[in-house]
Amino acid sequence: MSKNTIHVTSENIFPVIKKFLYSDHEIFLRELISNAVDATQKLKTLSRSGEVKGDLGDTRVRVLIDKKKKTLTVQDHGIGMTAEEVDKYINQIAFSGAEEFVSKYKDKAEAIIGHFGLGFYSAFMVADKVEIVTLSYKDDAKAVHWSCNGDTEVEMEDTIKAERGTDIILHINKEFEQYLEDATIEGLLKKYCKFLPVEIAFGKKKEWRDGKEVELDEENIINNVAPAWTKKPTDLKEEDYKSFYHELYPMQMDEPLFHIHLNVDYPFNLTGILYFPKIKSNLDVHRNKIQLYCNQVFVTDEVENIVPEYLTLLHGVIDSPDIPLNVSRSYLQSDNNVKKISSHITKKVADKLAEMYKNDKADFEKKWDDIKMFIQFGMLTDEKFYEKAVDFALLKNLDGEYYTLKDYQAKVKDNQTDKDGNLVILYTQDKDLNYTYIERAKQKGYDVLEMTGELDVHQMSQAEQKNEKLRFVRVDSDVIENIIKKNANDNANDNYTDEQKEGMRKAFEGLLPENSKLNYYINCEATAEDALPVLLTQNEFMRRMKEMSAHQQGMSFYGQMPDQYNLVINTAHPLIKDLMSKMTSETVMDEKVQDSSEKKDDAGATKEMVEKTVWTLKDQDERLKQLFDIALLASGQLKGEALAKFVNRSVELL
Ligand code: ADP
């Protein structure tokens, strides 16, 4: 037996290792199994090159629990190590790696992802003593027994071992006895090792027979050694992708809509499959997360800093040995490789969508409603994605037809360009509620889009920002003649004086409900003879700001504003004309306030009494109320008591 001292400068790194990544101590198992898999893969490579001759025999990696001895063993039949190699790789390299790691991060443990880095020494997070029994594949190699009980002294001696390979034996610390439970270990193996390239066996297969669980002879293999993303797309059928999806997310019942197989080897390595799920609302998001692997070893499903945020709406796997994993999360975002990976995935996803749209428009349209949120989110948050996505992002009109913005502009350009050269795109967020307004727009031959998605408002604002002479206007934001003004004096002229109109305004004003959340501005306008006599409209800008503020921070100012409506009294309508004719006038003396702007030194305004004509409408309250309620009704705002009153009044009038 020989006693070696490990080459560590700091007195004792074990207390640090034990404390380290306390919350993440389960990763020890992944680290040890990764080593076992590496050793097995190396052996297979040597065998292929002829350096190792003959049949390799059993190459499974096994995880064994001995409850009596309180040990957990990771066993492989890989290349093994000679005494020199144990000294070099374990005593020197592994220790110095661990030491470097600890000295680098000991003051900022929270900055570590905790995914990779500690390697073999992570065993000391959960074990008091670790033994290695190993036999190298090399001819005439002698088996070695190494042991260390958590201080800087290790023991090494020759031993007898029949089979090539390595056993790593952990004497589990009292505090961590959960790692001697089958269920815990099986859970961890399923989490980290589900797709490792070498078979991992844990216990025996079990089966339910006559209501009892019985153990079979066959070993229980944890992993699928050749997951779909490692294969060539040409070797996979649609069903293979679907069944792999369910392998990834066993609890998921829905089928994915489609997938993208990623395969890059320059300038970095990346493979993976991304699936498009149906995304109906924000609530669906993050249930099935994208899983990140490093050479088939599960690393994390927290990929927020590795792929752009909108891509986290997708499902699937990304496998890349080039993503640095032992660094802090904030560092990841500025890492060049990560940036490249991110932009590559963005490009791939955009290209695939573009290709799908080009190849089968009808099919793409069918999927549109389910993927639009993803695409809009991408366009809003990623300029590069936007540039590509404008060519396949769709708009849907009330006839159920889909158009790209460019095609739609071409379609409505001739009829919906106003006198100032603005192309006005009309839309509704509720076709039943806006029915009256939509009909009016249709009479003019205008087309109306349906914009009911959560991100539609943002999409419209973005399109307006990118296209100077483009406006999206909801059909009920004004009378249609004003929304798309064709000529300067487009509207029918009325011959009423300002005083008469003021009288009509006042008559309606007296009827307005008192509600602090709603504000009404009343004005008279000769819209068109065949338009409604009174119409409620809601200013596009204010309404949209309010809607956007619901999703965005820093815009709550708009959210708190009361809803503002315009009540347009259509003086071209026969009913209003009739009311106008019933108005009476009188002359009163009124205080006129003179503008004092010319005389700056004057303290205030000079008051002067002048004659003024005042028009009033008497005994028409019932009709006015009826008209106002019709306006409310046409905009879907007549409810509750007001609605009941309207119904009763209507019956009485009849
Ligand atoms: P890493 O795996 O990152 O190199 P480790 O500390 O986990 O660091 O392991 C150090 C070295 O010890 C490995 O590179 C390998 O050469 C050797 N080693 C560890 N485990 C085994 C094993 N099961 N079989 C053969 N060699 C091993």
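**Entry 1: Lys 70 and Glu 177**

I began with Lys 70, which counts as partly exposed at 35% relative accessibility. I was working on a predicted model throughout. I then looked for a charged partner and found Glu 177, whose side chain meets that of Lys 70 in a salt bridge, 3.8 Å from N to O. The two residues are 107 residues apart, so I noted where each one sits, and the pair links distant parts of the chain. Lys 70 is in the loop between strand 2 (61-66) and strand 3 (71-76), while Glu 177 is in the loop between strand 7 (165-172) and helix 4 (182-192). I looked up the accessibility of Glu 177 as well: at 28% it is partly exposed.

**Entry 2: the strands around Lys 70**

I stayed with strands 2 and 3. They form a hairpin with 4 residues between them, and Lys 70 in the turn has a positive phi of about 55°. The two strands pair in the antiparallel sense over 5 bridges. For one such position I checked Asp 66, and its bridge partner in strand 3 is Thr 71.

Strand 2 also runs parallel to strand 8 (residues 200-209), joined to it by 2 bridges. Here I looked up Arg 62, whose bridge partner in strand 8 is Ala 201.

**Entry 3: other salt bridges**

I searched the whole structure and got 39 salt bridges. I picked out two further pairs.

The first was Arg 505 with Glu 509, where the closest N and O atoms are 3.9 Å apart. Both residues belong to helix 14 (residues 498-509), and because they are 4 residues apart there, about one helical turn separates them. Arg 505 has a relative accessibility of 21% and counts as partly exposed. The lower limit for that class is 20%. Glu 509 is partly exposed too, at 35%.

The second was Lys 612 with Asp 590, a salt bridge of 3.6 Å from N to O. Lys 612 lies in strand 24 (residues 607-616) and Asp 590 in strand 23 (residues 584-593), so this pair ties together parts that are 22 residues apart in sequence. I recorded 38% relative accessibility for Lys 612, which is partly exposed. Asp 590 is partly exposed with a relative accessible area of 29%.

I then looked for salt bridges that share partners. Such bridges join Glu 464, Arg 474, Asp 476, Glu 540, Arg 543, Arg 544 and Glu 547 into one network.

**Entry 4: the open sheet**

Which order do the 5 strands of the open sheet take? I read it as 10-11-14-12-13, with mixed pairing. Strand 10 (258-264) and strand 13 (297-300) stand at the edges; each has a single partner strand, so one side of each is left without a neighbour in the sheet. I also noted the twist: neighbouring strands are turned by 20° against each other on average, direction ignored.

Inside this sheet I checked strand 11 (residues 270-276) against strand 14 (residues 315-319), and they pair in the antiparallel sense over 5 bridges. Gly 272 stands opposite Ile 318 in strand 14.

Last, I looked at what packs on the sheet. Helix 5 (residues 238-248) does, and it touches strand 10, strand 11, strand 12 (291-294) and strand 14. The direction of helix 5 makes about 90° with that of strand 11.

Notes: Residues are numbered from 1 along each chain as its sequence is written. This is a predicted model: local features need pLDDT of at least 70, side-chain atom pairs count only at pLDDT 80 or more; totals for chains, interfaces and linings use all residues. Side-chain values use heavy atoms; hydrogens and water are left out. A salt bridge is a side-chain nitrogen of Lys or Arg within 4 Å of a carboxyl oxygen of Asp or Glu. Buried means under 20% relative accessible area, exposed over 50%, partly exposed in between (1.4 Å probe, protein chains only). Two strands pair if DSSP finds at least two bridges between them. Axes are lines fitted to C-alpha atoms, for helices over the stretch in contact, and angles run from 0 to 180 degrees between N-to-C directions. Contact means heavy atoms within 4.5 Å.
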